[in-house]
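Dear colleague,

I am passing on a structure that I have been going through, together with notes on what turned up in it. Please look it over before reading on.

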Amino acid sequence: MEKNICSKTIKGERYSPLYIENDKDVHGIYYFGDILDVLEALLPKYEGQIQLIYMDPPFFTGQVFKYQQRVGKMGWEGDRDKIISHIAYIDKYDRKEFFSTMEEIFLYTYRLLSVDGSLYVHIDYRTSAYIKIMLDNIFGEENFLNEIIWHYKSGGRAKKHFSRKHDNILFYRKSDKYYFNMETIGIPRGLDRRNNMKKDVDEDGRVYWSIKSAGKEYRYYADDKIYPSDVWDDIPHLHQKNPERTGYDTQKPEALLERIVLASSRPGDVVADFFAGSGTTLAVAQNNGRNWIGVDNSLFSLHTCRRRLIPSANFNKIEFFYYDGADDGNIIVVESNITDKLTSDKNNYILCLSDFVDDAATVDFWGVGYVKGDIYNGLNYSMRTPDSPELSMTLALNICEKGSICVQIIDVYGVQVFYKEKET
Ligand SMILES: C[S@@+](CC[C@H](N)C(=O)[O-])C[C@H]1O[C@@H](n2cnc3c(N)ncnc32)[C@H](O)[C@@H]1O
């Protein structure tokens with residue numbers, strides 16, 4: 001498990017401010033590293049344990065995808081001039097290498113899934129035929145359940161062929177013992193007008209449409225549930241102003257992942273996303289009481305997931321582990337005399353951001369905690385959001401014997417610095 005975790009002083013972050021151990025707690029672990037390194041390390045612990053794996057790998061587009069970082073108070077208030085565009089990931093691969101890597105990932109995936117588990121692979125026309133054959137070979141054709149078509153109406157029309165307006169999601173089970181609960185994803189039929197039918201209200205006040213055929217009346221109640229088929233055209237792409245948007249290109253809507261997570265896992269199960277990106281699957285899993293595992297090698301995925309998952313953690317424990325090679329020199333550990341800069345009251349140390357940075361406008365997130373055993377345990381933080389674009393300039397840190405005091409600062413350039421109390 002430890003094999004590929006990098007050897008610098010800090011190997012990861014853990015946030016558990018409200019975490020109380022009991023068997024209902026859910027737990028999230030994000031691995032910041034190359035997928036193949038991480039999967040090899042996950043196997044001894046999770047073989048046959050993961051209920052649901054969703055993955056949305058690069059689509060083999062030949063494009064560069066960005067992360068839009070809002071800068072300072074004005075950036076978070078919506079000023080479009082105060083945005084820095086970072087490269088989130090580069091989707092350019094050698095063809096042979098791309099497919100052989102995908103095959104290796106699917107071989108690990110098969111082993112990691114539990115006997116009642118399922119896999120959903122989100123791709124498009126560029127790779128779907130090749131990946132379908134690969135998965136048929138690994139999972140067995142009999143375990144292929146659906147090719148879900150996610151149809152959306154985004155702008156842009158092609159002139160030389162029909163416009164491409166769908167993605168493909170291949171759905172496989174590990175075995176015929178797989179768990180699938182359609183009841184959780186029913187949608188009320190609604191009040192939409194129905195041609196040739198009559199609208200009425202029954203004796204219990206329920207609205208229905210009815211039609212008579214061969215002397216028999218058929219009723220369709222507005223509050224009856226209907227269940228999605230394999231064509232999903234009711235979930236729109238995230239438009240530019242959607243509040244769900246994190247600034248990470250290729251972010252998928254939570255509604256799409258909700259349908260998958262609710263149908264193919266139970267509360268308390270382990271849900272994994274091996275190309276986590278902005279953390280959509282992880283957020284949906286966390287909000288629905290599932291444990292989660294995320295993997296990605298983009299620094300801006302790590303940053304976005306941290307921002308997205310920590311505020312909604314509630315009673316969850318969240319951990320981020322860094323693997324060798326993924327940090328790209330952007331994670332820096334500085335030994336510092338923090339105790340010289342502290343004030344304290346009875347229960348707390350008070351730390352000031354201005355003691356660590358000259359220009360707070362360049363800071364996007366900062367936190368305070370303790371380092372123990374190479375893990376930073378974050379106990380308090382402040383980050384900019386549209387609702388709260390200003391940072392707290394001071395943070396209180398509960399006084400306790402939890403290791404060396406540490407301040408974590410993440411700036412708008414993607415650099416994250418840990419100021420760690422010098423060990424004496
Ligand atoms: C299409 S995006 C996933 C988007 C995600 N579903 C969401 O809703 O935000 C693909 C992700 O794969 C990650 N990725 C690409 N190659 C990787 C590798 N070798 N190891 C880990 N992650 C990788 C990229 O950094 C990117 O975040």
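Leaving out residues up to four places away in sequence, Gln 408 touches Glu 13, Tyr 15, Arg 306, Phe 365, Trp 366, Gly 367, Tyr 376, Gln 416, Val 417 and Phe 418. Please keep in mind throughout that this is a predicted model. Gln 408 belongs to strand β24, which covers residues 404-411, and it counts as buried because its relative accessibility is 0%, where the cut-off is under 20%. Two of the residues it touches also meet its side chain through polar contacts: the side chain of Glu 13 at 3.2 Å, and that of Tyr 15 at 2.7 Å.

The ligand is the next point, and probably the one you will want to inspect yourself. It is surrounded by 19 residues, of which the closest are Asp 56, Tyr 248, Ser 278, Thr 280 and Asp 296, and this shell divides into seven nonpolar, eight polar and four charged residues. Backbone atoms of the protein approach the ligand as well: a backbone N or O atom of Ile 35 lies 2.9 Å from a ligand nitrogen, a backbone N or O atom of Lys 252 lies 2.9 Å from a ligand oxygen, and a polar backbone atom of Asn 297 is 3.3 Å from a ligand nitrogen. Taken alone the ligand exposes 610 Å², and the protein buries 95% of that.

Lys 252 appears again in the surroundings of Glu 244, a residue that, with neighbours within four places in sequence set aside, is in contact with Leu 238, Gln 251, Lys 252, Pro 253 and Glu 254. Glu 244 sits in the loop that runs between β14 (231-232) and α5 (254-264), and it counts as partly exposed because its relative accessibility is 27%, which falls between the limits of 20% and 50%. Its C-alpha atom is separated by 15 Å from that of Ala 285, which is 41 residues away along the chain.

Lastly, there is an open sheet of three strands, in the order β19-β20-β23 and with antiparallel pairing. Its edge strands, each pairing on one side only, are β19 (343-344) and β23 (394-398). Strand β20, residues 348-352, is joined to β23 by five bridges, and within this pairing Tyr 349 has Leu 397 of β23 as its bridge partner.

With best regards

How values were computed
Residues numbered from 1 in each chain as written. Predicted model: local features only at pLDDT ≥ 70, side-chain atom pairs only at ≥ 80, totals over all residues. Heavy atoms only, no water. Helix = DSSP H or I, 4+ residues; strand = E, 2+ residues; numbered from the N terminus. Buried < 20%, exposed > 50% of the residue type's maximum accessible area, 1.4 Å probe, protein only. Contact = heavy atoms within 4.5 Å. Polar contact = N/O pair within 3.5 Å; in protein donor to acceptor, adjacent residues only side chain to side chain. Pairing = 2+ DSSP bridges. Near = heavy atom within 4 Å. Areas by Shrake-Rupley, 256 points an atom, 1.4 Å probe, with all protein chains shown as cover. Nonpolar A, V, L, I, M, F, W, Y, C, P; charged D, E, K, R; others polar.
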